[in-house]
Amino acid sequence: MENGAQDLPVDILYIVFESYAELDRPAVPQSLETLLLVCRTWHDVASHHTRLWSTFHLDFQTKEDAVYWAPCVSRRLVLYTANALLDIKLTMPPTAKHISSDTEALKLLESMLIAFVGKAGVTAKRWRTFDVDETSASALSCIMAGCLSFPTPNLQELRIDWLRCRRMLLPNTSALKTLSLSKCTLAGLPNLASVTSLQLNYFYVNTMRESVEDQALASALNVKMMKIETWKPFNLAAKYPNLLSLELCDSVHAGSLAGFCAPVLCDLTLLVKAGRDYLSVVSCTGIRLKNVKKVRIGLHGQTSTNFPDYLEGLRQFLKEVVNLETLIIEQPEVASLVLKLLTDDCEHLFQSHSVRLVLKGHSTELGRGEERLPSINEFRKQTKCVPDCSWDDLFLQLSFM
């Protein structure tokens, strides 16, 4: 048996080891280190397979997970990773919130996070990805801010939910490519100069200087994908020469896009609450809506909607995206408005080229000329949208959906 194990090709051994690593948790009788005991060949291959020991995707569901992982992380960081870049992901389901109230478990989690940082931040310099979900960040909030105060020159991806911090984070993020902050209150954003993917969901700058956030956003000149989700006014007063995809959710206040410019934007998502949000986008001279090829639209949240008001903004927006190729609609309510528009006062739109409509797994090519109404009626049946009727009847039916 040992001879057979020794004869396996290295690339096959890598697959075996990485599959075993995915099972590495307290419920599994043998830890990943067991691979080192099979034979000398396995020991040599496994101990030198850096990714095996430098990838920490840790899921904390019970206290036993903390008991297992805290010493395990410290051991592997010392014995196997050497100078390897680290990929760290900490998750804790909402059902495991009780862990944060267990003093012993919390101390173990904190010791593990401190090990990831290292003395004077020496290990943090090797972070490549750092991903902490909402429950984990909340449980570790008392030390998380301190752990994020060291330079991370190799950090490429940072995702954090629900962090509260009064100090500036990550003084050196020169390699950062992906940044996602959700429901965080911070003293400011890290350097965004190298970021290509930026996602800010209900992010707040805890400072009297409102310009801190605006200046940081203005520095993200290399961003290609941006998502902003917030109910408060924001200011994207900068030119983003590489921005291809923009997603705006919740509210787009008048003036938020006053100085915004994205000359190559081709993919636009608007999940908003009111018609004025569409009008804020239409009035932005820095967005060349005629160049946009893919659009996703829909309602944001579960709040009640004034559909006549929403319709007016939607109508003006559709009249501007004249070269649209794909229209993705999130809800049947919005789809019902769009389909009615395309057979009513906006019937002239999209008659010269093919446009694909998408709603909840259903897709169809929008008919042109005499084929317009039949194609839309068929799509209505497939997607259970409101059948063709007057605007008054449509608004009445939408109010009950």
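Colleague: How many nonpolar, polar and charged residues are in the lining of the largest pocket?

Modeller: This is a predicted model: local features need pLDDT of at least 70, side-chain atom pairs count only at pLDDT 80 or more, and totals for chains, interfaces and linings use all residues. Residues are numbered from 1 along each chain as its sequence is written, and side-chain values use heavy atoms, without hydrogens and water. Ala, Val, Leu, Ile, Met, Phe, Trp, Tyr, Cys and Pro count as nonpolar, Asp, Glu, Lys and Arg as charged, and the others, Gly among them, as polar. Sorted that way, the lining has 8 nonpolar, 4 polar and 8 charged residues.

Colleague: Which residues that line the largest pocket are the closest to its centre?

Modeller: On a 1 Å grid over the protein atoms alone, a pocket is an open set of points with protein on both sides within 12 Å along at least five of seven lines, a cavity is a set where a 1.4 Å probe fits but cannot get out, and lining residues have an atom within 4 Å of a point. The largest pocket has a volume (space filled by probe spheres set on the points, joined across faces, edges and corners) of about 510 Å³. Of its 20 lining residues, the closest to the centre are Ala21, Glu22, Asp24, His57 and Trp69.

Colleague: Which element gives the most to that lining?

Modeller: Helices (H or I, at least four residues) and strands (E, at least two) are DSSP runs, numbered from the N terminus. At least two lining residues each come from α2 (10-21), α4 (50-54), β1 (55-59) and α5 (63-79). The most, 5 residues, come from β1.

Colleague: What volume has the second largest cavity?

Modeller: The whole structure holds 2 cavities of 30 Å³ or more. Lining the second largest are Ser336, Lys340, Arg380, Val386, Pro387, Asp388, Cys389 and Leu394. Its volume is about 40 Å³.

Colleague: Which residues of strand β4 are buried?

Modeller: In a regular strand the side chains alternate between the two faces of the sheet. Buried means under 20% relative accessible area, exposed over 50%, partly exposed in between (1.4 Å probe, protein chains only). In β4 (residues 157-161), Glu157, Arg159 and Asp161 point to one face and are not buried, while the other face has the buried pair, Leu158 and Ile160.

Colleague: What is the bridge partner of glutamate 157 in β5?

Modeller: Two strands pair if DSSP finds at least two bridges between them. β4 pairs with β3 (residues 127-132) in the parallel sense over 4 bridges. It also runs parallel to β5 (residues 178-182), with 5 bridges. There, the partner of glutamate 157 is threonine 178.

Colleague: At roughly what angle do the axes of α11 and α14 cross?

Modeller: Axes are lines fitted to C-alpha atoms, for helices over the stretch in contact, and angles run from 0 to 180 degrees between N-to-C directions. The axes of α11 (residues 307-320) and α14 (residues 391-398) come within 10 Å. They cross at roughly 115°.

Colleague: Is glycine 298 buried or exposed?

Modeller: Glycine 298 is found in strand β12. Leaving aside neighbours within four places in sequence, its contacts (heavy atoms within 4.5 Å) are Leu270, Leu271, Val272, Tyr278, Tyr310, Glu330, Gln331 and Val334. Its relative accessible area is 0%, so glycine 298 is buried.
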